[in-house]
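Visitor: I would like to go through this structure with you, one question at a time. Could you show it first?

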Amino acid sequence: MDEPIIEALEPPKPAPTGLNIVVCIKQVPDSAQIRVHPVTNTIMRQGVPTIINPYDLFALEEALRLRDEYGGQVTVLSMGPPMAEDALRRALGLGADKAVLITDRRFAGSDTLATSFALTAALTTLAEERPIDIVFTGKQTIDGDTAQVGPGIARRMGLNQLTYVSAIDSLDLAAQGIVVRRRSEGGVQVLRSKLPCLITMLEDTNTIRRGTVQDLLRAARADVTVWSAEQAGVEDPMKCGLRGSPTVVKRVFAPSPRAEKAEMVTVEGKTPAQIGDALIDLLFARDPKLEAVVTAAAR
Amino acid sequence: MTDHFDAIVVGAGPSGNAAAYVMAKAGLSVLQIDRGEYPGSKNVQGAILYSDALERIIPDFRDSAPLERHVVEQRFWMLSEKSHTGAQYRSDDFNEEKPNRYTILRAQFDKWFSKQVRAAGAILITETTVKDLVKNDAGKVIGVLTDREGGPIFADVVVLAEGVNGVVGQRAGLRPEIKPNHVALAVKETHFLPEETIRERFNLAGEEDGVVIEVIGSVSSGMVGTGFLYTNKESISIGVGCILSDFAQTRVPPYELLDRFKRHPSVAPLLKGAEMKEYVAHLIPEGGYDAIPTLTGDGWLIVGDAGQFVNAVHREGSNLAMTSGRLAAESLIQLKAEGKPVTNENLKLYRDKLADSFVMKDLKKYRKVPHLLERNRQLLTTYPSALNRAFQSFLRVDGVDKRTKEAEALRDLKKARGGWLRMASDLFKVARAWR
Ligand SMILES: Cc1cc2nc3c(=O)[nH]c(=O)nc-3n(C[C@H](O)[C@H](O)[C@H](O)COP(=O)(O)OP(=O)(O)OC[C@H]3O[C@@H](n4cnc5c(N)ncnc54)[C@H](O)[C@@H]3O)c2cc1C
Ligand SMILES: Cc1cc2nc3c(=O)[nH]c(=O)nc-3n(C[C@H](O)[C@H](O)[C@H](O)COP(=O)(O)OP(=O)(O)OC[C@H]3O[C@@H](n4cnc5c(N)ncnc54)[C@H](O)[C@@H]3O)c2cc1C
């Protein structure tokens, strides 16, 4: 009789503990150093240094803080040209644990719809490895400025979206709940949400840390995972890049300055109230219609 | 676990990049540290690149390096207030397959060089300032401390490629503080001009051809210094540099000196309509051979500007920097192969290689020039203006006979310098310093 086959089982991996966080970062041209060609008046991108979109650093720092407190890992994810790897490596040097770049000719020319589509595919692929608890994005970028990519991802992944977050009040891993502060018109909202969720982080809410020597050495040696559209899990390439982008830039121009000149007026007065009264008298004298409107509204 | 490297290179300028590249290429584990945001971020100037030094490190650099123009013409000007007397050399021989000199923009060039260094296998960390060297009980340097948390990083040798005003070596007591009469302060601007305009103004055949103008005389307003102007692809680099102690004494603001230079009737038309892009001020070590500090010790050595390796007479610096970096690397590779420790004694290898190279030979040749100029300012003031006056009188047709003109010119020169004997002694001194 054959001997019973005892399967050589690998010792089970310890279940990952703590949070699994992914932060989306975009590499953008350093707007402080962009030059306009004096002859052709076009933006000279060549030689302009690139930086991590400054808003994304607030998201990254918040993610690193949560990791430090609750354990787990922070992955940085970017879609962009191959040189966007620099931005990811920088993020590793700031303390992120893993970096993924999705890069493919087919992504070129993406608008916000196509960008959030591609990032969602990559996030979904990452989540197969280990479920994601929180996706962070910045509030907006300094080059596109739309603030649409975060919400676009949330909608596609079916995540609760917490936008314009200024602080994370508490997080309960066991109960899978989070409480955040959100800036809204006229006040601060305190929101409670289930995990997983997507958070877009407001600016000036924290200060990005300086990585340690070890962080930098690890970052310099680390392999950035690079995925093509296919490897990222994009199933329909028609939804990517230029073809997947319904937004068309028809024209870019600098608005011409307003025709009417601004003017500085000076009024005399000893107290703030006197100055205020004098100023209002002056304005009303110039524009009697304004006086009628204001007094009517006051009644 | 603490990290240990074969070598730590402090600085990612030409000297540090050369050293790190050569060592990494030979398989040594190399960590390079620079305080800038990225290599070159602090080096935003235009400059001349001398091919030979780089060719010995990266033979096919021309395939990928960001080069502006190769130099086909060199002009030397002696400036007085409203005139210049000049000599120029131009040759089609400079339009060779592998040109000998190029104009470059350092910010882009340093970035490119650094990329090659990393591709060769060295690790680079930026935005990190080395604060101090770590020594063991015997006084041997065994690592560095940075301004980041995480403790020291260790290595068999620390290569100090920290540039002219690097303070690591000074703080560790390895080299003395630089003296104000051993450094020049150079101010430089980059002016944007369309490519075709540059080609026309400088009479150039192609967009790859370039001109260099070297200037002495009134450009330095009586101080020991020179001016220069280079053509880049779409810009012009212009600057002046004078000995720091002279600036301190005359209290002439450096930018004013540069403004005067730019307004000079010989220069202004070259810059007309240009848009200023960048302004930088930087130190250049110009103390020459006698200002060279101790270059090696147990566990450390110095390369580049930190070692005062600049040939001020020929305006060469980056090539001396790269060459010293390469020679240091080759020495360290050899020591490692032979299993020898990096002691001051064993680093005689590096000192010998340097002494054998053009670096030390040229510095030795011009050893007396810095002293000469410092003590004989008339060489940069009296002579250029007398020469300009003489030329003007020679060319102006005004009814005065030629013999009288010649005699007048000579008398003028004699008077300006206070006697023939003084002039003869000047000549003798220059000849001796040059020899
Ligand atoms: C009208 C218009 C026309 C455009 N046309 C073109 C064009 O023709 N070609 C072209 O190349 N670009 C174009 N763009 C830019 C491009 O569409 C956007 O930059 C891109 O879609 C991201 O949008 P955003 O920059 O506004 O990001 P936002 O929505 O403002 O970004 C919010 C957050 O999303 C995350 N995020 C955004 N982008 C990425 C990314 N790539 N990787 C990882 N995370 C990211 C970041 O966390 C960021 O903070 C255009 C933009 C606009 C507004
Ligand atoms: C205006 C001007 C024009 C010049 N023109 C020419 C020219 O045309 N041709 C030519 O060959 N030479 C020229 N030179 C000289 C040339 O620039 C230098 O000789 C050359 O740059 C020296 O290289 P280096 O690597 O030794 O030093 P640097 O290029 O000065 O590099 C030193 C590096 O070390 C870094 N560093 C310093 N301290 C620390 C620290 N504590 N921690 C971490 N990093 C540190 C700095 O950030 C810097 O990147 C010119 C110089 C000037 C100022």
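Guide: A residue is called buried under 20% relative accessible area and exposed over 50%, and partly exposed in between. Please keep in mind that this is a predicted model.

Visitor: Is Lys26(A) buried, exposed or partly exposed?

Guide: The relative accessible area of Lys26(A) is 32%. Since buried means under 20% and exposed means over 50%, this value belongs to neither class, and Lys26(A) is therefore partly exposed.

Visitor: With which residue does Lys26(A) form a salt bridge, and where does the partner lie?

Guide: Side chains of opposite charge can pair when their charged atoms come close. For Lys26(A), in the loop between β1 and β2 of chain A, the partner is 117 residues apart, in the loop between β8 and α4 of that chain, so to speak a link between distant parts of the chain. The closest N and O atoms are 3.1 Å apart, and the partner is Asp143(A).

Visitor: How many residues apart are Glu85(A) and Arg89(A)?

Guide: These two side chains form a salt bridge, with the closest N and O atoms 2.7 Å apart, and each counts as partly exposed, Glu85(A) at 25% relative accessibility and Arg89(A) at 25%. Both lie in helix α2 of chain A, where about one turn of the helix separates them, a spacing of 4 residues.

Visitor: Which residue of chain B meets Arg90(A) in a salt bridge?

Guide: Arg90(A) lies in helix α2 of chain A, while the partner sits in the loop between β7 and β8 of chain B, so the pair joins two chains. The N to O distance is 3.3 Å, and the partner is Glu127(B).

Visitor: Which element gives the most residues to the nonpolar surface patch?

Guide: The patch, of about 440 Å², is made by Val265(A), Leu279(A), Leu283(A), Leu290(A), Val293(A) and Val294(A). Two elements of chain A, α7 and α8, give two or more residues to the patch, whereas Val265(A) lies in the loop between α6 and α7. The most, 3 residues, comes from α8(A).

Visitor: What is the radius of gyration of chain B, and why is the chain called as compact as a globular protein of that length?

Guide: Chain B has 15 helices and 17 strands, and buried residues make up 54% of its 435 residues. For 435 residues the globule rule gives 22 Å, and the value for chain B is close to that, so the chain is as compact as a globular protein of that length, with a radius of gyration of 23 Å.

Notes: Residues numbered from 1 in each chain as written. Chains lettered and ligands numbered in written order. Predicted model: local features only at pLDDT ≥ 70, side-chain atom pairs only at ≥ 80, totals over all residues. Heavy atoms only, no water. Patch = residues over 30% accessible without salt bridge, like charges linked within 9 Å, V, L, I, M, F, W, Y side chains within 5 Å. Areas by Shrake-Rupley, 256 points an atom, 1.4 Å probe, with all protein chains shown as cover. Salt bridge = Lys/Arg side-chain N within 4 Å of Asp/Glu carboxyl O. Rg over C-alpha atoms; globule rule 2.2 N^0.38 Å. Buried < 20%, exposed > 50% of the residue type's maximum accessible area, 1.4 Å probe, protein only.
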